[in-house]
Amino acid sequence: MVPHLTTALTGPLLELERQFLDNATEIEKWFRSQWQDHMPPFYGSTDLRNSGFKLAPVDLNLFPGGFNNLNDAFMPLCVQAAQAAIERICPDASKLLLIPENHTRNQFYLQNVAKLVSILRLTGLDVRIGSLLPDIAEPTVLELANGATLTLEPLRRSGSRIGLDNFDPCAVLLNNDLSAGIPPVLTGLDEQWLIPPLHAGWHSRRKSKHAECYDRVAREFATAIGIDPWRINPEFGVCGQINFQERTGEECLAAQVDSLLTRIRAKYKEYGVTDEPFVVVKADAGTYGMGVMTVKDASEVVGLNRRQRNKMAVVKEGLQVHEVIIQEGVHTFETVEDGVAEPVVYMMDHYVVGGFYRVHTERGRDENLNAPGMHFKPLAFDTCCTLPDVAQGPDAPPNRFYAYGVVARLALLAASVEIEETEPAEAVGEAA
């Protein structure tokens with residue numbers, strides 16, 4: 001059963017959403033067969049953009065950090081989905097170790113950790129938090145702005161297992177994207193499930209690989225229900241040897257931008273779209289909206305000024321950018337309280353469990369909204385876990401955002417394929 005995100009927003013009766021509703025039975029059957037062949041990630045979130053003529057994911061996060069932004073109405077769905085994920089991965093689990101990011105001063109992130117802990121504990125797990133911070137030498141209580149508390153404890157390594165003092169978990173859940181690399185304490189683990197696997201971290205993961213997997217998934221799905229895959233799939237290109245500081249690789253980048261814009265213009269002409277096409281250039285690895293720029297002409301990426309080069313050259317943890325993905329930009333026609341908005345959909349196992357809007361009052365409909373000044377608006381369910389009512393129009397509850405849940409699950413399925421295809425020959429940190 002897939003919950004349907006609802007909001008006060010109304011919009012035109014869109015042909016693409018109508019296609020999804022008309023094919024709802026076939027869509028659910030298709031997904032069911034896919035999940036028999038592919039193991040879903042424990043959790044994930046995806047940023048969507050809806051331009052009216054196109055609905056596509058623009059980012060997929062395997063270490064979601066915004067559970068605190070979900071409406072409390074989502075809690076039962078989160079707990080049920082987490083229970084399903086745990087039963088699939090480690091049915092005998094009783095103790096789980098959660099390893100978060102090192103953001104001890106980021107109150108919003110810490111509230112996310114607290115919400116995640118509460119979800120997991122309601123599944124019947126004993127959950128404790130282990131910190132990678134070297135200065136956490138003893139249990140440390142953090143006071144949160146919302147009145148909650150978190151206790152961080154130092155990690156303890158014993159042979160090929162990891163845990164805490166007097167706490168030997170059967171599973172380890174990462175809410176840390178490993179941008180800085182794999183800490184030695186996490187290498188060579190045995191007999192414990194490490195979720196997600198280490199190779200899902202940004203030290204090795206590439207957005208272009210996910211885009212390539214999503215391209216295949218979207219094409220198969222589009223064939224199954226008879227739509228043009230471009231309607232749900234942003235085109236992309238890659239430039240693998242670039243140094244923004246030294247201004248090398250600009251020709252490669254400009255050529256990729258020009259080629260992609262040419263293809264987009266052709267599709268716009270085919271569909272009678274009058275909007276100006278654009279692409280988004282972003283670091284091929286990394287998160288938090290860093291290393292991102294919007295481009296409407298190839299000339300814009302040649303001869304970048306110092307400020308632009310500095311913005312693109314480094315991402316989270318100070319990592320240098322030498323690989324970029326050039327992704328087709330998708331306009332958003334969503335607005336919330338006079339701010340441009342995009343939906344962010346959260347999933348656990350293969351279930352949609354909630355979502356919220358990322359809103360930015362100072363950005364345009366063709367700009368990156370994951371930037372300072374953004375805020376979040378939780379969504380509420382009109383009716384929990386109700387299948388779409390195909391007798392009604394796409395803008396009628398609970399149908400308005402059925403399509404959003406479909407495309408989000410396509411992105412999650414692509415992540416499953418991506419994880420499978422990038423697994424090292426000798427998987428690290430998974431149960432023997």
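Leaving aside neighbours within four places in sequence, which residues is Ile232 in contact with? In this predicted model, the list takes in residues from quite a few parts of the sequence numbering. Ile232 touches Leu16, Phe20, Leu55, Ala56 and Pro57, then Tyr214, Ala218, Phe221 and Ile227, and finally Val407 and Leu410.

Two names on that list come up again in the bigger picture. Phe20, Phe221 and Ile232 are the residues with the most contacts inside the largest nonpolar core, which has 59 residues. The top contributor to this core is helix α8 (residues 402-421), which hands over 14 residues. Domain 1 (12-64 + 206-419) and domain 2 (72-203) both chip in residues too, so the core sits between them. There is also a second, separate core, this one made of 42 residues, with Phe67, Leu98, Ile136 and Ile195 among them.

Now for the strands. Strand β18 (residues 351-360) has nine of its 10 residues buried, so the rest of the structure largely encloses it. On one side of the story is strand β17 (residues 339-348), which pairs with β18 in the antiparallel sense over nine bridges. Within this pairing, Val340 stands opposite His360 in β18. The two strands, β17 and β18, make a hairpin with just two residues between them, and Asp349 in the turn has a positive phi of about 55°.

β18 has another partner as well: strand β19 (residues 375-378) runs antiparallel to β18, and four bridges join the two. Here, Tyr357 is found opposite Lys377 in β19. As a rule, side chains in a regular strand alternate between the two faces of the sheet.

Note on methods: Residues are numbered from 1 along each chain as its sequence is written. This is a predicted model: local features need pLDDT of at least 70, side-chain atom pairs count only at pLDDT 80 or more; totals for chains, interfaces and linings use all residues. Side-chain values use heavy atoms; hydrogens and water are left out. A nonpolar core is a set of buried Ala, Val, Leu, Ile, Met, Phe, Trp, Tyr and Cys residues joined through side-chain atoms within 4.5 Å. Buried means under 20% relative accessible area, exposed over 50%, partly exposed in between (1.4 Å probe, protein chains only). Domain bounds come from an automatic or database domain assignment. Contact means heavy atoms within 4.5 Å. Two strands pair if DSSP finds at least two bridges between them.
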